[in-house]
Amino acid sequence: MPRIAPSLSLIAVLCLAAPVLAQDASSFVWDNATEFSFVSTSGNASSNTLGLKSTLTGSGEGSTFKLEIGGIRASSNFTTRTALGTPTNYSVIEETRSERSAANYLARSRYDHELGAGYAFGGAGWERNTFAGVNHRYSFVLGLGKSWVDSDTGLFKTDLGATYTIQKDVSPTPDAGDGFGGARATIEATRSLTSTTDLATTLILDENLRNTDDLRADWVVSIAVGLSEGLQFKTSYQMLYDKDPALIGVPLLDASDNVLGEVPTPSQKVDTFLTLSLVIKL
């Protein structure tokens, strides 16, 4: 995983660890779910996609702590073939190069504590998506929420929070600051469809209050089917939306295709991920 600036890394680690230190961790009931996905193709075209996500959850005494770490990485191999010789006597030369086509990493935590009819929560996170123009994004949130439905067969809860984000772009916008305050709304729902099948969805909306055109959304929907005790097959779809995406460098060419340098241009507003994975629950 890429190197993080030491000072910001220390802040993030302390915020991730603070919820655990705030309460005796031995009083929590802990469980872990690790998702692993891998796709490899070969032949005339070849590519590799690796996805890994681990979620540690602890609950007890009216509190819940969750820590998520994960990433997706994809690379493709491109082969160029040329022939050397004459039309009747030649040899074929192959040159293969590998290019990374996707890379998205994250680490985030959240701590919920019952407060009257609702709950208070706090969290911190880090993410990196260089293909979307984001080198590092650190986020911190505090807020209040309420569980409207919480039963053995389903969950529905919503919350609102105040955020502070520090974003380091691959191609920074001139004269733009790295830090900004914001607001976050979250909707989370789960439903047991059958005794072995669960449906889950989460929608997170982040608004940049310094630049209100910068609205971000993170929507995930998944279906998990139990294969055996502690083993599930999971299909997930994630959509990331950024109304004001970060800038990325694009090569500037002249009429003869000579590279003159780079110019900044906005990245795509939408990224989508479809993942098929095995989930090991401990």
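**Strand pairing and charged side chains in a barrel model**

Me: In which strand does L106 lie?
Reply: The model is predicted, and L106 can be placed in it through its surroundings. Not counting residues up to four places away in sequence, L106 touches E68, I69, G70, W126 and E127. The strand in which L106 itself lies is strand 4.

Me: What distance separates the C-alpha atoms of L106 and R128?
Reply: L106 belongs to strand 4, and W126 and E127 are among the residues it touches. R128 stands 22 residues apart from L106 along the chain, and yet the C-alpha atoms of the two residues are separated by 6.5 Å.

Me: How many strands form the closed barrel?
Reply: The chain as a whole has 1 helix and 14 strands. The barrel is closed, its pairing is antiparallel, and its order runs 1-2-3-4-5-6-7-8-9-10-11-14, so that strand 14 follows strand 11 in a barrel whose strands number 12.

Me: By what angle are neighbouring strands of this sheet turned against each other on average?
Reply: The sheet in question is the closed barrel with antiparallel pairing. With direction ignored, the average turn between its neighbouring strands is 20°.

Me: Which residue is the bridge partner of G58 in strand 3?
Reply: Strand 2, residues 46–60, pairs with strand 3, residues 63–85, in the antiparallel sense over 15 bridges. In general, strands of a sheet pair through backbone hydrogen bonds. The partner that G58 finds in strand 3 is F65.

Me: Which residue that is not a glycine has a positive phi of about 55°?
Reply: Most residues other than glycine have a negative phi, so a positive value deserves a look. The residue in question is found in the loop between strand 2 and strand 3, and at 59% relative accessibility it counts as exposed, since the cut-off is over 50%. Its name is E61.

Me: Is E68, which meets R108 in a salt bridge, buried or exposed?
Reply: The side chains of R108 and E68 meet at 3.3 Å, N to O, and the pair links R108 in strand 4, residues 90–115, to E68 in strand 3, 40 residues apart. R108 has 29% relative accessibility and therefore counts as partly exposed. E68 has a relative accessible area of 13%, and because this is under 20% it is classed as buried.

Me: Which residue meets E127 in a salt bridge?
Reply: The salt bridge spans 3.5 Å, N to O, and links E127 in strand 5, residues 118–129, to a residue of strand 6, residues 134–150, 10 residues apart. E127 is partly exposed, with a relative accessible area of 28%, whereas its partner is buried at 9%. That partner is R137.

Me: Which residue meets R216 in a salt bridge?
Reply: The side chains meet at 3.7 Å, N to O, and both residues are buried. The partner of R216 has its place in the loop between strand 9 (197–208) and strand 10 (215–228). Leaving aside neighbours within four places in sequence, this partner is in contact with F180, D206, E207, N208, D242 and D244. Its relative accessible area is 8%, and its name is D214.

Me: Which residue of strand 9 is the bridge partner of G182?
Reply: Strand 8, residues 179–192, runs antiparallel to strand 9 and is joined to it by 11 bridges, while a hairpin of 4 residues connects the two strands. The bridge partner of G182 in strand 9 is N208.

Me: Which residue in strand 10 stands opposite A200?
Reply: Strand 9 and strand 10 run antiparallel and are joined by 11 bridges. A hairpin connects these strands through 6 residues. Opposite A200, in strand 10, stands S222.

Me: How many salt bridges does the count come to?
Reply: Side chains of opposite charge can pair when their charged atoms come close. Beyond the pairs discussed above, R110, D112, K157, D159 and E188 are linked in a network of salt bridges. The count comes to 13.

Me: Over which residues is the pLDDT below 50?
Reply: The chain averages a pLDDT of 84, and 88% of the residues score at least 70. Where pLDDT is low, the predicted coordinates should not be read in detail. The stretch below 50 has 10 contacts in the model beyond near neighbours in sequence, and it covers residues 1–7.

Notes:
Residues numbered from 1 in each chain as written. Predicted model: local features only at pLDDT ≥ 70, side-chain atom pairs only at ≥ 80, totals over all residues. Heavy atoms only, no water. Pairing = 2+ DSSP bridges. Axes fitted to C-alpha atoms, helices over the stretch in contact; angles between N-to-C directions. Salt bridge = Lys/Arg side-chain N within 4 Å of Asp/Glu carboxyl O. Buried < 20%, exposed > 50% of the residue type's maximum accessible area, 1.4 Å probe, protein only. Contact = heavy atoms within 4.5 Å. pLDDT = per-residue confidence, 0-100.
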